[in-house]
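Visitor: I'd like a close look at one small part, and then at what lies around it. Please give me the cut-offs as you go.

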Amino acid sequence: MVNRLVVAAPASGSGKTTVATGLMAALRRAGDRVAPFKVGPDYIDPGYHGLATGRPGRNLDPVLVGEHRVPGLFAHGSRGCDIAVVEGVMGLFDGRVDTEGIGSTAHVAKLLGAPVLFVVDARGQSRSLAALLHGFRGYDPTVRFGGVVLNQVGSDRHEQVLRTACADVGLDVLGVLPRDDKFRLPSRHLGLVTAAEHGGEAVAAVDAIAEAVARHVDLGAVRRLAARAPASVVAAWRPEHEVDHVPGRPLIAVAGGAAFTFGYAEHAELLTAAGAEVVVLDPLRDKELPDGTAGLVLPGGFPEQHAVRLSANVTLRTAVARFAAAGGPVHAECGGLLYLANSLDGLPMCGVVDAEGAMTPRLTLGYRDAVAPTDSVLAQAGTRITGHEFHRTALTTPHGTEPAWRWHGPDRRPVAEGFVVGAVHASYLHTHPAGAPESVTRFVRACATTPAWY
């Protein structure tokens, strides 16, 4: 595995994304080939990582893919690079609820043998920083603390006191970022605005962060920290080893563009390895499905932010409805489910799923251990999978006669969710195909055996 480090923090909102993205961009500008990663299921941060490095941002989530796959996926994503920067999730030890930190930043750092660069929001504290650092470093001595980046520092005097606190516990300060709103990325109800939606402003924001990190963080010290990760040889994950090859080369359209950005890079790689031809479809711009479409993937994203334009594209909505009605295989998750509904916030959508979607004040969030109650193009009845919900929308009808998934909620009550309608599998549940590659083979096989009538 390449030289590597993990950017962690005591809690969300400390500046992990700013520091991690800035490091990636600054190192790239300095000539390094940088591999970007994000701990957990988040789709948004990897978009900024991609802008910073020119490589696909990838996720490392032991809950969704299994901890045994994490080193191989890391080796796959960092092949040919000089250094890997892994942005953590939430606080250092925050993992899946009701577990001992499974899926946490600390968990992934240990799986990779990577040192931790600890980002601390210094507002409102001075010498107390020593106690905070002492507590985090002592909580699990097997986590390798390598240094600190001080964020939101108010003055030279404030910096001096904070440096003394770090010295008291024996941790080096690798960087000091002053208070500056220019370093913030735009946010909304589910976190940051995606890089694809923010366009040129996202590029400008990443440039500003890169300049700040290059000016205020010791990149040489960061490289030396990453080089302290132990040398190890790990077999890289190979998509062609995870799926069966299906003959026929079916064309699968995968929705993208600004409205559908929630996808994992490994999904397209697995589809291709299984024999599919993958073509990106932008429902905001494209009027028709690609010629020869044999399957359709509608990932998550923010269709609620683009509902007017999605609804106005009547030609494509009609084509999607016709494709589904004719038995065309469709795999839709979260935002893709909303696009298939009758309406979204009162605006007409595709009408494939008999439900109305709308924004709500309630956030639905968490991992789900689900089982497939019926056969579908994605899973055989009885298949078990771990997925992740993350949305502020709701459907008037949460599931059809044949739900996509069943699980037990936090109160142990059974939950039925999603829709299996013909060859359509639509659900709020986000899944990581690397954790269930057999579902990719099954979907491609369904596409290959369905006439490409379109």
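Where is the place of Asp345?

Guide: Happy to help. The structure is a predicted model, in which local features need pLDDT of at least 70 and side-chain atom pairs count only at pLDDT 80 or more, while totals for chains, interfaces and linings use all residues. Residues are numbered from 1 along each chain as its sequence is written, and side-chain values use heavy atoms, with hydrogens and water left out.

Asp345 sits in the loop between strand E14 (341-344) and strand E15 (347-348). (Helices are DSSP runs of H or I with at least four residues, strands are runs of E with at least two, and both are numbered from the N terminus.) Asp345 is not a glycine, yet its phi is positive, near 50°. With a relative accessible area of 38%, Asp345 is partly exposed. (Buried is under 20%, exposed is over 50% and partly exposed is in between, for a 1.4 Å probe and protein chains only.)

Cys334 also has a positive phi, about 55°, without being a glycine. This residue is in the loop between E13 and H14, and its relative accessible area of 5% makes it buried.

Cys334 also leads us to a cavity. (On a 1 Å grid over the protein atoms alone, a cavity is a set of points where a 1.4 Å probe fits but cannot get out; a pocket is an open set with protein on both sides within 12 Å along at least five of seven lines; lining residues have an atom within 4 Å of a point.) There is 1 cavity of 30 Å³ or more, and the largest cavity holds about 50 Å³ of space. (Grid points are joined across faces, edges and corners, and a volume is the space filled by probe spheres set on the points.) Of the 12 residues lining the largest cavity, Cys334 is among those nearest its centre, together with Gly301, Glu304, His391 and Thr393. Helix H14 (335-340) and strand E17 (384-395) are the elements that give two or more residues to this lining, with E17 supplying the largest share, 4 residues. By class, the lining of the largest cavity has 6 nonpolar, 4 polar and 2 charged residues. (Ala, Val, Leu, Ile, Met, Phe, Trp, Tyr, Cys and Pro count as nonpolar; Asp, Glu, Lys and Arg as charged; the others, Gly among them, as polar.)

E17 brings us to the loop that joins it to strand E16 (353-371), where Pro373 lies. Pro373 is partly exposed, at a relative accessible area of 32%. Leaving out residues up to four places away in sequence, Pro373 touches Ala381, Pro403, Ala404, Trp405 and Arg406, contact meaning heavy atoms within 4.5 Å. Its C-alpha is 9.1 Å from that of Ala416, 43 residues apart along the chain.

Now back to E13, on the other side of the Cys334 loop. E13 runs parallel to E12, joined by 3 bridges, with Leu298 paired to Ala332 in E13. (Two strands pair if DSSP finds at least two bridges between them.) In E12, 6 of the 6 residues are buried, so the strand is largely enclosed by the rest of the structure. E12 is also joined to E10 by 4 bridges, again parallel, and Thr293 in E12 stands opposite Leu251. E10 has a parallel partner in E11 too, through 5 bridges, where Ala255 has Leu281 as its bridge partner.

In a regular strand the side chains alternate between the two faces of the sheet. In E10 both faces are covered: Leu251, Ala253 and Ala255 are buried on one side, and Ile252 and Val254 on the other. What covers the buried residues of helix H15 includes E10, H11, E12 and E13; those buried residues include Val440, Phe443 and Val444.

These elements meet again at the second largest pocket, with about 760 Å³ of space. It has 38 lining residues, and Thr261, Phe262, Gly263, Tyr264 and Ala265 are nearest its centre. Elements giving two or more residues to the lining include strand E10 (251-255), strand E11 (277-281), strand E12 (293-298), strand E13 (330-333) and helix H15 (437-448). H2 gives the most, with 5 residues. The lining of this pocket divides into 24 nonpolar, 13 polar and 1 charged.
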